[in-house]
Amino acid sequence: MCGIVGYIGSHQAAPVILEGLSKLEYRGYDSAGMAVFDGKKIGICKSVGRLKVLEELTHGGATMPGTVGIGHTRWATHGAPSNQNAHPHYNQEETIAVVHNGIIENYLPLREKLVSKGYQFVSDTDTEVVAHLIDYYYKGNPLEAITKVMNRVQGSYALGILFAEHPDQIFAVRKDSPLIVGQNEDGCFIASDVPAILKYTRKVYFIENQEVVRLRADHMHFYTVDEEEITKEPVTIDWDANAAEKGGYEHFMLKEMYEQPKTVTDTLMPRIKGNDIVIEELGMGDEEIKAIRKIFIVACGSAYHAGMTAKYVIEGIARIPVEVDVASEFRYRNPILEEGTMVVVISQSGETADSLAALRESQKLGHKVLGIVNVVGSSIAREADNVMYTWAGPEIAVATTKAYSAQLIALYLLAMKFAKVRGMLKEGEFRSMLGDLKRLPGQIERLLANKQRIQRFANRYIGAKDVFFIGRGIDFAISMEGSLKLKEISYIHSEAYAAGELKHGTISLIEEGTLVAAVATQDALFQKTLSNMVEVKARGAFVLAVTNEGNTDIEKAADYCIYIPRTNPYFTNSLAIIPLQLFGYYVAVGKGCDVDKPRNLAKSVTVE
Ligand code: M6R
């Protein structure tokens, strides 16, 4: 999704902005631009394509001198990717420049109104409306003009704004789109995400909805939409800056897959105290846990798949009914949330627009929300009633791996805690599960060490047209994530099916050589899945099987087998997903795809 960086201080702004934008590239974008005040006027340079193009055009920022500026990477929503539609956007006199993340929902009537007043538009974007509307209200006081605009526009926005008449200031505003500001001894920064300014400062302020910031070189002032000044407390970001670098790996995705043993340990171990699970941040006592009648898990994409796994685990061991919903559906379907329903929203970024809206919808209906979130201080983390962090650190590759693995761990912990408190797990079973959890990091390492075998297999499938992933129970949830990993980065069509459902239609798509990846880690369902493998093999499929060590029977029905170490059946997802991630990765690498930044995708989907 779009990225914003701004700087005002004693250094040249353009190189700082380019550097910051490069740290946001992972979010996905199709064009980039900068506006810098050069002492007389605001100059803008923008271009469709990668940030590299903008760097070349400006000679690394050297052709745009000045110590105050704003920059943007755009992910097109309104208007195709083009030079005209790239940000920043000017007002007509080129005295105001604006960068924007989000969507101005009422931009059409506003545009018509502005056109009727003589304003001319040069782009198809909703953002240009903001530039002209600020101009319309601007009578010499930027803050007044900005707050008037905030009262007129509907939708979501994070804005960075420059005024040629006030070149010693940058303004930043936000509603439902993330924005932070930070400061060091050399100046002040705005950014849509922490990695953009981590190199310069670790002291950041999270801007809340409907707040405005006025940044000068040496200080910042915060205001409400009523222009009242407010004070805010900074947050110190303690991420390891190297964590956001590739560290010698070919891709962030590979590096992040390799970080999974650590991620799992970091999410797990602080919550295991002796022989017990303690989730302090849950904010629920035993009586409240016993009173839960139903759990709603709401999320998008891979986080939704983690939720699907959790349904099997929570229902299986804690015997609490679980409904899992895609956030974009949940928010509009008037869900029935009865008394005793607990809502869990899962999100890596904590900024996914639909998940955030689902959280708010649940709170509006009077329900507390537990957020399972990776990015500290993100919108979902701040708005949820309680937050359980997945300690995966910054995840840069668009295709999630380590954050997904951390989500699974958080959900297993929740399931076991609930099961124990509700008397559904005997002490011995609970301890044995704890032991299995603690062994997962080492087992994941073993699977990662097997990457060359998977790479060789993946190389045979770079020309595949369709791939099907099948499994039953938890294995179906793993299949969903395995399928998404493959298709989102390799652009090969793939689908996940509950293995028993295949013969109700989809099996007609199987032809000679079609790859079917069958996941069969659940002993109780093993024979059933085996039969489904035989069915597809009989129709010409090439069957790749993922199963537990020792299940050599599978070789009767599979053409290629990957064995995973034995663990508790509820935790097999954490192991089976590793070869599937590696498979998707190596197919995409073999095809020469842009693995970390797949086409059309954004890391954090902050618009609907
Ligand atoms: O940041 P979130 O976890 O809320 O993001 C949800 C999805 O957009 C995300 O998982 C997406 O499906 C990834 N591309 C999967 O790799």
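These legends accompany close-up views of a predicted model, moving from the ligand site to two backbone details.

**View A. The ligand and its closest neighbours.** Here we look at the ligand together with the 14 residues that surround it. Ser347, Gln348, Ser349, Thr352 and Glu488 are the closest of these. By residue type, the shell around the ligand comprises five nonpolar, seven polar and two charged residues.

**View B. Polar contacts to ligand oxygen atoms.** Two serine side chains are worth finding here: an N or O atom in the side chain of Ser347 lies 2.6 Å from an oxygen atom of the ligand, and for the side chain of Ser349 the distance to a ligand oxygen atom is also 2.6 Å. Ser302 takes part through its backbone, with an N or O atom 3.1 Å from an oxygen atom of the ligand. Of the 410 Å² that the ligand exposes when taken alone, the protein buries 90%.

**View C. The pocket and the elements around the ligand.** The largest pocket is where the ligand sits. Helix H9 (301-318) and helix H16 (474-490) are the elements that each give two or more residues to the shell. Stepping back to the domains, domain 2 (242-449) and domain 3 (450-595) each supply at least three shell residues.

**View D. A cis peptide bond at Pro88.** His87 and Pro88 are joined by a cis peptide bond, with omega at about 0°. To place this spot in the fold, look for Pro88 in the loop between strand S4 (68-74) and strand S5 (89-90).

**View E. A positive phi at His59.** Although His59 is not a glycine, its phi is positive, at about 50°. You will find His59 in the loop between helix H2 (51-57) and S4.

Notes
Residues numbered from 1 in each chain as written. Predicted model: local features only at pLDDT ≥ 70, side-chain atom pairs only at ≥ 80, totals over all residues. Heavy atoms only, no water. Near = heavy atom within 4 Å. Polar contact = N/O pair within 3.5 Å; in protein donor to acceptor, adjacent residues only side chain to side chain. Areas by Shrake-Rupley, 256 points an atom, 1.4 Å probe, with all protein chains shown as cover. 1 Å grid on protein atoms, 1.4 Å probe; cavity = no way out; pocket = protein on both sides within 12 Å on 5 of 7 lines; lining within 4 Å. Sits in = over half its atoms within 2 Å of the grid points. Helix = DSSP H or I, 4+ residues; strand = E, 2+ residues; numbered from the N terminus. Nonpolar A, V, L, I, M, F, W, Y, C, P; charged D, E, K, R; others polar. Domains from an automatic or database assignment.
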